[in-house]
Amino acid sequence: MISFSNISKQYGKQILFIDADFQLNASEKVGLVGPNGAGKSTLFRMIMGEETADDGTVSLPKKLSIGYFRQEVDEMSGRPVLDEAIAGSGRLGDLHHELMELQHAMADPDCADFDNVLDRFGHVQEEYEHLGGYELEAKARACLSGLGFAEDQIEGDVGALSGGWKMRVSMAKVLLGNFDVLLLDEPTNHLDIESILWLENFLKSVSSTLLMTSHDRDFMNRIVTKVIEIDGGDIVTYSGDYDFYVRERETRETNQEAAYARQQAKLAKEQRFIERFSAHAAKAAQVQSRVKALDKIERIELPKKRKVGKWDFRIPGRSGDDVAMLKGVSKAYGTRSIYKNFDFHIRRRERWCVMGKNGAGKSTLLKMMAGVLEPDSGEVRLGASLKLGYFAQQSLDLLDADLTVLEQMQQDFPMEGIGVLRNMLGAFQFSGDDVDKRIRALSGGEKSRLAMARMLLDPPNFLVLDEPTNHLDLATKELLIDALKDFEGTMLFVSHDRTFLRGLANRVLELGGEEHEGPLLFQGSYLEYVEKMGREAPGVHN
């Protein structure tokens, strides 16, 4: 369906592809992987025709329709969320709104060109019906609901939404378009776990060909049956899910290292013969023959290692056994009650994950615990010898825009050596010249990673984390989980990443569940919660 043949592409001195090939076949579900800057977004843009290859051929069928979700917020304002989603959904959306305009024109008693309008209406209506347009509004409502929108939001002004919610509208546009091919760039970044689970089921059910990037390992494993890796200028295809790709890549690396070692031993042996007998006239012909043979040998290279550097988690000071207590806490926004006489007790070394649909009060709880928000009534009390660390988007406001990444860390930790600071920054993907970037020039994801690095270099004994894995790649996420497994403090966190939940949560607080009144305090791990409840999130059944 889509093929890249002998593609080469570079920007200045940065080489992305060298004589690279890959094939994307009809109805395949494919994951696209590779380190930051490897060329994943460039590959998407080449498929869209927004960029061209320096050499080689990109082949696509002429009438192929492509929906592309990218990490950019569209300009949206002036109409309801529902209309915005429909309007951006490709040909069907165009027909939908043209039908509405034609109906309005025909209803006008002063319509001067009624016959032509009526004729056009007939043609548009026929195509609209053929493409399934009369189910479009119902599909749009179901899609927006699946992506987390409440009914009042669906009818509300799209211009009033935050950037994250506008990204969800952009996602809905692509999903509604009935495209032949879906290109999805990090589709789960702005979604909660309930919406991610809905999206998984949607993508598994559609017949469209799918090519996507994602930092969510579970999401990739459940959807893709093929992985394409951009690796040092080449494009390598693996037939299987993400876990298969990881195992196969490790096997290939091991085999390549062994082949490299064997070749190096052989080269060294030949080189010793040449050096030993280069001055012997009787061996001259043999020496020359071996020199020529060495020149012709294609050298095996060691595989590039992509392991994120490990760092040792410092042991925080010991807190008291009673870490945090909520007694009779109530909190409401207007007429909407979030908490009513809520009691909650967190003990040392407990790791509570907070589950619940949008609006259930997850972030509200974390804010009250961190002292950012006051309850309407009741008491929030923290225990003795407690050092609390709070990570949320608000953490980014504490960064100094005029400093570089390294200068910020040096200002925060003046007694630390430069090597320790660089090692910590490297663990959170700031390597080489990245540490010299001004904070004002960082993306939102880069600022999040810096805020996390600041907090964890000198860790508190009570971590309150709101979506800590957003904007972390898979390797860094796994590094964080491994480090926090050995964390001797206490945690309260919200996360949509199931690898993070499985790896760390030993208690579950479920808010707004439909099967029980009030919050559910589950005294077991996330894995035990899933097994007991038969679902991975409130309201979403497996």
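This is a short viewer tour of a predicted model, from the whole protein down to single residues.

**Whole protein**

Start with everything on screen. The protein has 542 residues, and 48% of them are buried. Colour by secondary structure: 18 helices and 20 strands should appear. Along the principal axes, the C-alpha atoms fill a box of roughly 105 × 80 × 50 Å.

Switch on the surface. Its accessible area comes to about 26,400 Å², with 47% belonging to carbon and sulfur atoms. Then colour by charge. There are 67 positive and 85 negative charges, and their mean positions lie 9 Å apart. For a contact map, take the contacts with a separation of 6 or more: 67% of them join residues 24 or more positions apart.

**Helix α1 and the glycine after it**

Select residues 40-48, which make up helix α1. Which residues of helix α1 are buried? They are Lys40, Thr42, Leu43, Phe44, Met46 and Ile47. Note that a lysine is among the buried residues here. Step on to glycine 49, which follows α1. The phi of glycine 49 is positive, near 80°.

**Two positive phi values outside glycine**

Most residues other than glycine have a negative phi. The next two stops go the other way.

Select aspartate 19 in strand β2, residues 14-24. Phi of aspartate 19 is near 45°, a positive value. Aspartate 19 has a relative accessible area of 48%, so it is partly exposed; the exposed class begins over 50%.

Now go to asparagine 178. Look in the loop between α7 (163-176) and β6 (181-185). Asparagine 178 is not a glycine, yet its phi is positive, at about 55°. Is asparagine 178 buried or exposed? Asparagine 178 counts as exposed because its relative accessibility is 56%.

**Aromatic rings**

Show the side chains of Phe, Tyr and Trp. The whole structure holds 13 aromatic pairs. One of them joins tyrosine 242 and tyrosine 245, with ring centres 5.4 Å apart. The angle between the planes is 55°, and the pair is tilted. Both tyrosines belong to helix α10, residues 242-277. They sit 3 residues apart, about one turn of the helix. Tyrosine 242 and tyrosine 245 are both buried.

Next, select Tyr339, Phe342, Phe344 and Trp352. These four form one aromatic cluster.

**Arginines over rings**

Add two arginines to the view. Arginine 290 lies over the face of phenylalanine 273, at 3.7 Å from the ring centre. For arginine 449, turn to phenylalanine 430: the charged end sits over that ring, 5.1 Å from its centre.

**Leucine 463**

Finish in strand β15, residues 462-466, and pick leucine 463. Why does leucine 463 count as buried? Its relative accessibility is 0%, and buried means under 20%.

Show what surrounds this leucine. Leaving out residues up to four places away in sequence, leucine 463 touches Gly389, Met455, Leu456, Leu484, Phe487, Thr490, Met491 and Leu492. Last, draw a C-alpha to C-alpha distance from leucine 463 to leucine 406. It should read 24 Å, for two residues 57 apart in sequence.

Methods: Residues numbered from 1 in each chain as written. Predicted model: local features only at pLDDT ≥ 70, side-chain atom pairs only at ≥ 80, totals over all residues. Heavy atoms only, no water. Phe/Tyr/Trp six-rings, centres within 6.5 Å; stacked < 30°, edge-to-face > 60°. Helix = DSSP H or I, 4+ residues; strand = E, 2+ residues; numbered from the N terminus. Buried < 20%, exposed > 50% of the residue type's maximum accessible area, 1.4 Å probe, protein only. Lys NZ or Arg CZ within 6 Å of the ring centre and 35° of its normal. Contact = heavy atoms within 4.5 Å. Areas by Shrake-Rupley, 256 points an atom, 1.4 Å probe, with all protein chains shown as cover. Lys, Arg positive; Asp, Glu negative; His and termini not counted. Charge placed at Lys NZ, Arg CZ, Asp CG, Glu CD.
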